[in-house]
Structure formats: C-alpha cells, structure tokens
Amino acid sequence: MEIRPLQPADAKTIRKLRLEALLDSPESFGSSYEEEREYPLKRFKDRLESGCTLGAFLHEELVGMVTLMEETRNKTRHKATIYAMYVRPAQRGQGIGKKLMIEAIKQAKRIKGIEQIHLSVVTSNDAAKQLYLSLGFEIYGRERHALKIGDSYLDEEHMCLFL
C-alpha cells in the first residue's frame with residue numbers, strides 16, 4: 001500500500017471515490033451525493049490545490065482518502081481540520097484508515113504554527129471514534145442534530161488532538 005498526497009491530476013480519481021463515499025456512508029459527511037455529483041471536475045481540482053488530501057493506493061487503485069485543511073484567519077492559524085476521511089468497505093479493517101490518519105498528523109506537524117487538529121465524527125460511527133481516540137484525539141463537545149438526512153437527525157462529537 002502507498003499513501004501519497006493527491007495532485008490536481010488526480011481529480012477524476014478523487015471525484016469517483018468521493019461520490020462513492022457519499023453514497024456508501026451519507027451519514028459520515030456534511031455534503032451529499034446529490035450536491036457533489038453536480039460539481040464540475042474543476043471544483044475537485046481546486047480542492048486538491050487548497051489543502052492536503054492524502055490518498056491510499058492498493059495495487060495502484062485509490063481505496064481511501066483524508067483531507068487536512070489549515071485555518072487561514074489570524075486568530076485560528078494554529079489549527080488544522082481533518083475532513084473527508086473514507087476507506088472503501090472492502091478495505092476496512094486492514095489499518096488503512098489508521099495509516100492515513102497517521103500521515104495526516106505527520107503533515108500537520110510539518111506545517112509551521114499548527115498546534116492542534118480538529119475533526120467531527122457522527123456519534124454512531126464507533127469504528128472511526130475508536131480510531132481517533134487511539135491516536136490521541138479527545139472529545140471536547142457534542143452537537144445534537146448536527147446533520148439531517150431526510151427526517152432523521154445525527155449527532156456529532158467534536159474531537160481535538162493537541163500536537
């Protein structure tokens with residue numbers, strides 16, 4: 001398995017995996033498949049240029065991803081946020097998510113001034129929560145009804161890792 005930063009040239013590949021993720025695990029993301037399937041390829045290229053998206057490749061096939069975004073405002077530049085963490089169901093349980101997260105943490109540590117990493121996780125996603133806790137993230141809050149899918153609400157827990 002190889003983990004590497006994705007480049008704008010990877011936009012088609014990341015778009016495909018992102019749409020798959022939104023269909024497979026709609027409760028895990030703030031965006032929806034219906035919204036993002038309409039996005040032009042340029043929007044995915046722009047995302048890849050604006051943050052650090054890491055891809056996990058197994059036999060040259062993209063099977064997982066995670067995005068690390070730096071905050072840009074003066075008072076929050078000491079923070080980064082993890083978004084869009086996903087591993088294909090067939091590859092789950094093989095440590096790919098952990099390797100992606102470890103690499104994202106390493107990337108954050110390389111960025112001058114980053115002191116903490118934030119993320120949010122749906123409270124029912126025990127596997128993801130346990131992964132983040134095992135890497136040193138701490139829960140600092142719970143948001144009731146953070147997401148709404150149809151008539152159902154999902155709560156999220158907010159987590160932070162101090163570097």
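**Exercise 1.** Is D155 buried or exposed?

*Solution.* D155 has a relative accessible area of 16%. Buried means under 20%, exposed over 50%, and partly exposed in between, with a 1.4 Å probe and protein chains only. So D155 is buried.

The model is predicted: local features need pLDDT of at least 70, side-chain atom pairs count only at pLDDT 80 or more, and totals for chains, interfaces and linings use all residues. Residues are numbered from 1 along each chain as its sequence is written, and side-chain values use heavy atoms, leaving out hydrogens and water.

**Exercise 2.** Find the salt-bridge partner of D155 and place both residues.

*Solution.* A salt bridge needs a side-chain nitrogen of Lys or Arg within 4 Å of a carboxyl oxygen of Asp or Glu. D155 pairs with R142; their closest N and O atoms are 3.2 Å apart. D155 lies in strand β7 and R142 in strand β6, 13 residues apart. Strands are DSSP runs (E, at least two residues), as are helices (H or I, at least four), numbered from the N terminus. R142 is exposed, at 51% relative accessibility. Both residues belong to a salt-bridge network with D126, K129 and E157.

**Exercise 3.** Classify the ring pair F29 and Y86.

*Solution.* Rings of Phe, Tyr and Trp (its six-membered ring) pair if their centres lie within 6.5 Å; planes under 30 degrees apart are stacked, over 60 edge-to-face, the rest tilted. Here the centres are 6.4 Å apart and the planes at 55°, so the pair is tilted. F29 is buried at 7%, and Y86 is buried at 3%.
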